[in-house]
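Hi there,

Here is the structure I promised to pass on to you. Please have a look at it first, and then read my notes below.

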Amino acid sequence: IRRGFSSSAVRNVVIKQVTIIGGGQMGAGIAQVAASTGHSVTLVDTSDDILKKSIKTIEGSLKRVVKKKFADKPEAGEEFIQKVLKNVSTSTDAGSAVKSSDLVLEAIVENLKIKQDLFSRLDKLAPAHTIFASNTSSLPISDISSTTNRLDRFGGLHFFNPVPMMKLVEVIGTSSTSQETFDSLLNFSKVLGKTPVSCKDTPGFIVNRLFVPYLYEAVRLYERGHGSKEDIDIAMKLGVGYPMGPFELSDYIGLDTIKFIMDGWREMDPDNTLFAPSELMDKLVAEGKLGKKTGEGFYKYK
Ligand code: NAI
């Protein structure tokens, strides 16, 4: 195996200091879990106001965790919350935050150019041993890493929403990711209390590659007139045991998010029939009927 760097000191990095860029839904969740498992976390976003909200979100979520975990010991629960919060600091300056980091994990907006610009800038500022990772759902890790000079120390860490609840982490290695980096990311996921699976850098990795085409095929099945939305939802709940049917679930996730992922994959692989568009999906998104968050998607919400 070719190594992009030579110092033995940088092998098998044990991740203690973590910088998380993006304090939104995912970034705040990952910060919470990393801080709860004893890591020193710096959460970075574009403004102090956003970061205040991120900390509020973490605090609220910790309170829910503590209610269950420390049901009979509220004082120990409060102590735990304070200890975890002490492990999180915030910053609007990614460049200085990464200087003492073992891992830089990015969870910003799903836009290739913006992610590339961020990593290319941080690549020049972070120490040599620092591993970079992206939480992207739909972009190739090798495209994101391409603007850096640390291809061997770059991988994907794909968490699921809500991060404190969901056990899975997809660990993604590109053809350039070193074994040491991959092992460090796998190990980090385990230390977080998650169950990692190993993935190749292919569209949607494992989960979304199966899940998004399934949602689309449910819409196409309905468009072909082969079943009503209601019947398809009932069928998948009672026949497969899924907690939600595909239309309910699409409305919950947001039709814009699902369409964005599928459109991106179709651009990369236009002939793949699994990535075929749906007229209905395109129409609903164009009309701003994005699901629960806008009050209407496949169904109407009060
Ligand atoms: P979000 O919109 O909740 O949060 C993104 C945050 O990044 C915002 O607070 C924004 O201010 C900040 N940000 C944007 N550009 C930045 C920059 N240049 N520097 C610093 N901060 C910046 O988004 P969410 O849902 O947390 O998603 C983030 C990433 O995670 C995306 O790549 C998404 O594909 C991925 N992801 C999302 C999942 C989900 O269910 N929402 C699941 C798994 C992955």
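What follows is a short tour of the ligand site and then of the domains.

Please keep in mind that this is a predicted model.

I started with the ligand, which sits in the largest pocket. There are 19 residues around the ligand, and the ones that come nearest are Met26, Asp45, Glu110, Lys115 and Ser137. Sorted by class, this shell is made up of seven nonpolar, nine polar and three charged residues.

You may like the polar contacts, so here are three distances to the ligand:

- Asp45 places a polar side-chain atom 2.7 Å from an oxygen atom of the ligand.
- Gln25 has a backbone N or O atom that lies 3.0 Å from a ligand oxygen atom.
- Ser137 has a polar side-chain atom 3.3 Å from a nitrogen atom of the ligand.

As for cover, the ligand on its own has 830 Å² of accessible area, and the protein covers 72% of that.

Now to the chain as a whole. Its domain assignment gives domain 1 as 8-200 and domain 2 as 207-294. Taken over C-alpha atoms, the centres of domain 1 and domain 2 are 29 Å apart. Where the two meet, eight residues of domain 1 are in contact with six residues of domain 2.

Happy to hear your thoughts whenever you have time.

Best wishes

How values were computed
Residues numbered from 1 in each chain as written. Predicted model: local features only at pLDDT ≥ 70, side-chain atom pairs only at ≥ 80, totals over all residues. Heavy atoms only, no water. Near = heavy atom within 4 Å. Polar contact = N/O pair within 3.5 Å; in protein donor to acceptor, adjacent residues only side chain to side chain. Areas by Shrake-Rupley, 256 points an atom, 1.4 Å probe, with all protein chains shown as cover. 1 Å grid on protein atoms, 1.4 Å probe; cavity = no way out; pocket = protein on both sides within 12 Å on 5 of 7 lines; lining within 4 Å. Sits in = over half its atoms within 2 Å of the grid points. Nonpolar A, V, L, I, M, F, W, Y, C, P; charged D, E, K, R; others polar. Domains from an automatic or database assignment. Contact = heavy atoms within 4.5 Å.
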